[in-house]
Amino acid sequence: MTHPAPGRRASAPGGGGGRGGPVDWRLYLVTDPHLGGGREVVPRIVHDAVLGGVGVVQVRDKECDDDEFAARAAAVADAARRAGAQVGRDVPVFVNDRLDVARELGLHLHVGQRDVPFGRARAALPGHLMLGLSIESDEQLDVALAGPGPAPDVIGVSPVWSTATKTDTAAALGPAGADRIARAAHRRGVPAVGIGGITAANVGLLAGTALDGVCVVSAVMTAPDPGAAATALLGRWDLARTRSRA
């Protein structure tokens with residue numbers, strides 16, 4: 001599998017960019033129905049957040065069954081598509097862990113270290129769909145990149161800082177650890193996004209690292225104005241990155 005430069009990925013159906021066109025990884029939203037105030041309001045939050053600058057969305061809901069999850073994921077994908085059309089860009093939509101739902105809806109898939117094995121997911125997922133993988137350590141990245149099969153299309157470096165939204169994670173990596181893993185991923189052309197405890201107050205601390213972007217949950221899902229929250233996060237990321245490279 002040939003990887004383009006970090007931060008670039010292709011175009012696919014089911015919610016925007018995929019293999020063949022660029023993906024804007026700078027701000028990646030992971031949904032949470034409880035933080036958002038209920039499953040029925042998640043599509044509205046996603047729509048507003050995309051208008052505010054979110055470039056990638058992942059639908060995560062560990063509690064509902066596959067049928068309900070599929071209906072909710074389809075609604076989120078539609079919201080992301082409509083908002084993306086308004087701002088003139090494709091917004092890829094990933095589903096968390098649910099391989100069968102990803103295949104059914106034609107959405108991208110993200111798996112963790114304790115979900116369906118990466119190799120099995122990649123073999124079962126249509127080739128035009130992206131597959132992301134959570135990475136908690138240098139050792140896990142080494143395994144993911146060892147081959148002979150394809151590498152992930154993106155890695156989620158987790159957790160950068162400890163967070164209450166996900167308790168089954170390894171020790172916090174901090175900016176330095178996230179930077180080290182992102183640099184190793186880039187050597188294989190794999191983009192890397194950081195997740196865990198990221199807010200508008202600390203997102204600038206990551207802009208000088210090799211991360212291609214950040215994943216947020218509560219920083220957008222709990223905001224009174226998700227669009228404004230996304231705009232603020234992206235603005236702080238961009239400003240800090242510009243300053244770090246000056």
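Helices here are DSSP runs (H or I) of at least four residues, numbered from the N terminus. One such run is α2, residues 42-52, and that's a good place to start; keep in mind as you click around that this is a predicted model.

**Stop one: Ala 49.** Select Ala 49, which sits in helix α2. Its relative accessibility is 0%, so Ala 49 counts as buried. Now add Asp 225 to the selection: the two residues are 176 apart in sequence, yet their C-alpha atoms are 8.5 Å apart in space.

**Stop two: Thr 31.** Next, go to the loop between β1 (27-30) and α1 (33-36), where you'll find Thr 31. Thr 31 has a relative accessible area of 3%, under the 20% cut-off, so this one is buried too. Show its side chain and pick out the polar atom: the backbone nitrogen of Arg 60 lies 3.2 Å from that atom.

**Stop three: Ala 171.** Hop over to the loop that links β6 (154-157) to α7 (174-186) and select Ala 171. Is Ala 171 buried or exposed? With 61% relative accessibility, Ala 171 counts as exposed. Put a distance label between the C-alpha atoms of Ala 171 and Pro 159, and you should read 7.1 Å for a pair 12 residues apart along the chain.

**Stop four: a charged patch.** Finally, select Asp 100 in helix α4, residues 99-105. Asp 100 is exposed, because its relative accessibility is 52% and the cut-off is over 50%. Which residues form a negative surface patch with Asp 100? Add Asp 65, Asp 67 and Glu 104 to the selection, and you have the patch on screen.

Key: Residues are numbered from 1 along each chain as its sequence is written. This is a predicted model: local features need pLDDT of at least 70, side-chain atom pairs count only at pLDDT 80 or more; totals for chains, interfaces and linings use all residues. Side-chain values use heavy atoms; hydrogens and water are left out. Patches are made of residues with over 30% relative accessible area and no salt bridge: like charges are joined within 9 Å, nonpolar side chains (Val, Leu, Ile, Met, Phe, Trp, Tyr) within 5 Å. Accessible areas come from the Shrake-Rupley method with a 1.4 Å probe; for residues, only the protein chains shown count as cover. A salt bridge is a side-chain nitrogen of Lys or Arg within 4 Å of a carboxyl oxygen of Asp or Glu. Lys and Arg count as positive and Asp and Glu as negative; His and the chain ends are not counted. The place of a charge is taken as NZ of Lys, CZ of Arg, CG of Asp or CD of Glu. Helices (H or I, at least four residues) and strands (E, at least two) are DSSP runs, numbered from the N terminus. Buried means under 20% relative accessible area, exposed over 50%, partly exposed in between (1.4 Å probe, protein chains only). A polar contact is a pair of N or O atoms within 3.5 Å; within protein, one must be able to donate a hydrogen and the other to accept it, and residues adjacent in sequence count only if both atoms are side-chain atoms.
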